[in-house]
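Welcome! Please take a look at the model below, and then read on for a short tour of some of its details.

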Amino acid sequence: MSIRIADKTFNSRLMVGTGKFTDFETMKKAHAASGAEIVTVAIRRVDTNAPGHVGIMDHIDTNKYWILPNTAGCATVDEAVRVAHLSRAMGINNWIKLEVIPDAKYLMPDPVATIEAARKLVEEGFTVLPYINADPILAKRLEEIGCATVMPLASPIGSGYGVKTLENIKIIIDQATVPVVVDAGIGVPSDASLVMEHGADFCLINSAIALAKDPIKMAEAFKYGVLAGREAYEAGRIPMKEYAVASSPLSGIVGKN
């Protein structure tokens, strides 16, 4: 069940976020219930003391969780690279979840800016995990320049629409030699199970947990959804057929000639 990203090995295949929780205590309990080992934090919001983020690092046990700093809120290559440098200067670690999102309405990542920023950060020694649309060509290019994962969206970020890009995600999984993290748009644990059943390596969940009526219970549900999906993938599903097949053998039935 364990999996490696760059130089780190993890047992949980669920990553969780820190935004949109009503309070830090709920966030902490949800993180614990999720069983996750990786927690992503928006460095720009921490640095600017944005509401809901003031003192957030005091509420995450860095001995228990691996922090994945992210560049949320960055709209350009320069902004993303600068925030990555800020994260490094803060002494968190050398990882960065790269987000370059110039469109405030639809929140779609910029593919051109993402690959440009990723190339710079990889050259500077960062472990880069880029957030992208579910574009198999872009995913392969990012892998080729040295990114540690690729992180395709399932549907628009925060939408809860579920998995709308499955066919492209399946192609990305098929051609990837780095872990594939499905990130954004997942609404319920069955969404997470679906992509894990098709071979995704991780799911990253934030809004679906933080905005649930009971974030702690939902976090636990996602733990089991991801686990069930992965175990189903490893077990191997039966072939799909266009006709019915009896589950019990017909030979040897009492009263049958």
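Aspartate 201 and arginine 13 form a salt bridge, with their closest N and O atoms 3.7 Å apart; a salt bridge here is a side-chain nitrogen of Lys or Arg within 4 Å of a carboxyl oxygen of Asp or Glu. The pair links distant parts of the chain, 188 residues apart: aspartate 201 sits in the loop between H7 and strand S10 (202-205), and arginine 13 in the loop between S2 and S3. Helices (H or I, at least four residues) and strands (E, at least two) are DSSP runs, numbered from the N terminus.

This is a predicted model, in which local features need pLDDT of at least 70 and side-chain atom pairs count only at pLDDT 80 or more, while totals for chains, interfaces and linings use all residues. Residues are numbered from 1 along each chain as its sequence is written, and side-chain values use heavy atoms, leaving out hydrogens and water.

Are the two partners buried or exposed? Aspartate 201 is buried, at a relative accessible area of 15%, and arginine 13 is buried as well, at 4%. Buried means under 20% relative accessible area, exposed over 50%, and partly exposed in between (1.4 Å probe, protein chains only).

The structure holds eight salt bridges, including these:

| Acidic partner | Basic partner | Closest N and O atoms |
|---|---|---|
| Aspartate 201 | Arginine 13 | 3.7 Å |
| Glutamate 143 | Lysine 140 | 3.4 Å |
| Glutamate 144 | Arginine 141 | 3.6 Å |

Glutamate 143 and lysine 140 are three residues apart in helix H5 (residues 136-144), so about one helical turn separates them. Glutamate 144 and arginine 141 are likewise three residues apart in helix H5. Glutamate 143 is buried, at 13%, whereas arginine 141 is partly exposed, at 41%.

Back in the loop between strand S2 (8-10) and strand S3 (14-16), we meet serine 12. Serine 12 counts as buried because its relative accessibility is 14%. A polar atom of the serine 12 side chain lies 3.2 Å from the backbone nitrogen of leucine 14. Leaving aside residues up to four places away in sequence, serine 12 touches Gly35, Ala36, Glu37 and Phe202, where contact means heavy atoms within 4.5 Å.

Technical notes. Polar contact = N/O pair within 3.5 Å; in protein donor to acceptor, adjacent residues only side chain to side chain.
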